[in-house]
Protein chains: 2
Amino acid sequence: MQYPEPIAKLIDNYTKLPGIGPKTATRLAFYTLGMDNEDVESFSKSLISAKKDLTFCDTCGMITEKDMNPCIICRDKSRNQGTVFVVENSRDVMAMENTRDYHGLYHVLNGVISPSAGTGPEDINLPSLVRRLSEHEEIKEVIVGTNANAEGEATAMYLARLLKPAGIKVTRLAHGLSVGSDIDYADELTLIKAVQGRTEL
Amino acid sequence: MQYPEPIAKLIDNYTKLPGIGPKTATRLAFYTLGMDNEDVESFSKSLISAKKDLTFCDTCGMITEKDMNPCIICRDKSRNQGTVFVVENSRDVMAMENTRDYHGLYHVLNGVISPSAGTGPEDINLPSLVRRLSEHEEIKEVIVGTNANAEGEATAMYLARLLKPAGIKVTRLAHGLSVGSDIDYADELTLIKAVQGRTEL
């Protein structure tokens with residue numbers, strides 16, 4: 001027996017989302033039936049709107065509204081124009097901005113170099129970074145804030161080799177213990193990196 | 001810093017779903033941006049359609065299309081009209097139908113008696129069951145298939161006390177070991193029930 005078509009279709013659509021299997025999708029679909037009309041309409045509209053009204057900033061690759069391109073950060077001339085923080089995606093920009101501790105510019109790769117997935121430097125928002133650096137000589141430092149995994153490291157290494165010869169300072173975020181964490185819970189690699197990067201008190 | 005409004009709104013809408021917190025909602029929203037236009041439109045439409053085109057069967061309370069009321073099971077006169085299987089929700093009907101082993105009718109309570117949540121017999125689809133039984137004297141047995149937890153048991157007890165005096169046979173699904181399960185992994189209550197309900201070989 002099949003579910004009535006309208007709910008079967010909704011279950012099917014929920015299943016397309018990452019990490020949501022048939023059981024969860026069914027639970028979500030039935031939950032949707034019990035939601036207020038307004039909430040469901042708002043949800044339905046926001047799906048279309050997010051897809052239609054958003055784009056990537058022509059300068060940095062960050063997600064932005066179509067009528068705000070370049071994005072709000074690239075437009076802000078009060079920010080330090082000499083530093084570019086390179087991240088994998090727009091969420092990383094938000095995470096960094098929420099620290100309120102960085103006041104330079106960003107460059108969002110919208111991906112990462114991954115030989116195993118067949119993603120090379122040309123497949124991500126990297127050529128535009130090279131162009132940006134050549135057009136803006138005031139940029140003196142590139143901070144590589146890709147994730148601390150194999151692909152993030154590979155991308156960082158690639159960037160360093162590419163940009164250093166052009167006289168740009170390329171730095172990488174520090175590895176070490178999370179603030180507030182216990183040493184005996186840290187993995188070995190993190191501990192080794194924390195010792196290597198130890199600072200004088 | 002805030003996300004651009006279209007994605008902030010989508011994140012907000014995802015957060016309204018059960019079991020989805022802000023982090024997952026953000027991940028889903030960004031995933032949505034990368035989906036095909038068609039898929040997003042289908043998703044958007046199916047939300048509205050599920051809400052608009054579905055209703056509960058006037059007879060049994062099961063989810064059904066608005067132009068198919070009573071539902072497809074209630075219309076099927078080839079099914080055994082003498083047995084009603086009472087379940088908590090429409091998903092339970094699907095689970096039972098998928099066994100292809102039951103050929104009677106259903107009654108969906110769309111809830112369960114729960115004194116702690118303040119849900120009484122009148123708040124669920126129970127009065128309609130009583131009406132249905134009085135109108136259809138051919139119904140001889142009610143199988144109570146509510147969940148095997150405190151609320152499901154309470155609902156089962158209530159139904160038994162309500163319907164037995166009217167001469168209707170009220171039965172409950174058997175408790176015992178899951179097929180293929182190990183005895184040493186079964187909880188104590190299940191083991192006790194399995195012994196109580198032991199069958200002769």
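Hi everyone, let me start with one arginine. Leaving aside its neighbours within four places in sequence, Arg27(A) is in contact with Pro18(B) and Arg91(B). Please keep in mind as I go on that this is a predicted model.

A little more about that residue. Arg27(A) sits in helix H2 of chain A, which covers residues 22-33. Is it buried, exposed or in between? Arg27(A) has a relative accessibility of 39%, so it counts as partly exposed. As for Arg91 in chain A, it lies 64 residues from Arg27(A) in sequence, and the two C-alpha atoms are 28 Å apart in space. The Arg91 that touches Arg27(A) belongs to chain B.

That takes us to the interface as a whole. Here 51 residues of chain B are in contact with 51 residues of chain A. Between them the two chains bury about 4,900 Å², and 73% of that is on carbon and sulfur atoms. Which three residues of chain B supply more of its buried area than any other three? They are Met1(B), Leu47(B) and Lys51(B), which supply 16% of the area that chain B buries against chain A.

Now for the polar side of things. The rule finds 2 salt bridges across the interface of chain B and chain A. One of them joins the side chains of Asp39(B) and Lys16(A), at 3.5 Å from N to O. There are also 10 residue pairs in polar contact across this interface, both residues being at pLDDT 80 or more.

Where on chain B does the touching side come from? Helices H1 (5-15), H2 (22-34), H3 (37-53), H4 (72-75) and H5 (90-98), along with strand E2 (63-65), each supply at least two residues. H3(B) gives the largest share, with 14 residues. By class, this side of chain B has 26 nonpolar, 13 polar and 12 charged residues.

Let me finish with a helix in chain B, H6, residues 127-135. Its buried residues are Ser128(B), Leu129(B), Arg132(B) and Leu133(B). Seen down the axis of H6(B), these residues fall within an arc of 135°, so they line one face of the helix. As a reminder, an α-helix has 3.6 residues a turn, so residues three or four places apart point the same way. On the other side of H6(B), Ser134(B) and Glu135(B) are exposed. And what do the buried residues of H6(B) pack against? Their partners in chain B are helices H4 and H7 (150-163), together with strands E3 (83-87), E4 (105-108) and E5 (141-144).

Thanks for listening!

Terms used: Residues are numbered from 1 along each chain as its sequence is written. Chains are lettered from A and ligands numbered from 1 in the order in which they are written. This is a predicted model: local features need pLDDT of at least 70, side-chain atom pairs count only at pLDDT 80 or more; totals for chains, interfaces and linings use all residues. Side-chain values use heavy atoms; hydrogens and water are left out. Contact means heavy atoms within 4.5 Å. Buried area is the accessible area (1.4 Å probe) that two parts lose on being put together, summed over both. A salt bridge is a side-chain nitrogen of Lys or Arg within 4 Å of a carboxyl oxygen of Asp or Glu. A polar contact is a pair of N or O atoms within 3.5 Å; within protein, one must be able to donate a hydrogen and the other to accept it, and residues adjacent in sequence count only if both atoms are side-chain atoms. Helices (H or I, at least four residues) and strands (E, at least two) are DSSP runs, numbered from the N terminus. Ala, Val, Leu, Ile, Met, Phe, Trp, Tyr, Cys and Pro count as nonpolar, Asp, Glu, Lys and Arg as charged, and the others, Gly among them, as polar. Buried means under 20% relative accessible area, exposed over 50%, partly exposed in between (1.4 Å probe, protein chains only). The arc is that of the directions from the helix axis to the C-beta atoms.
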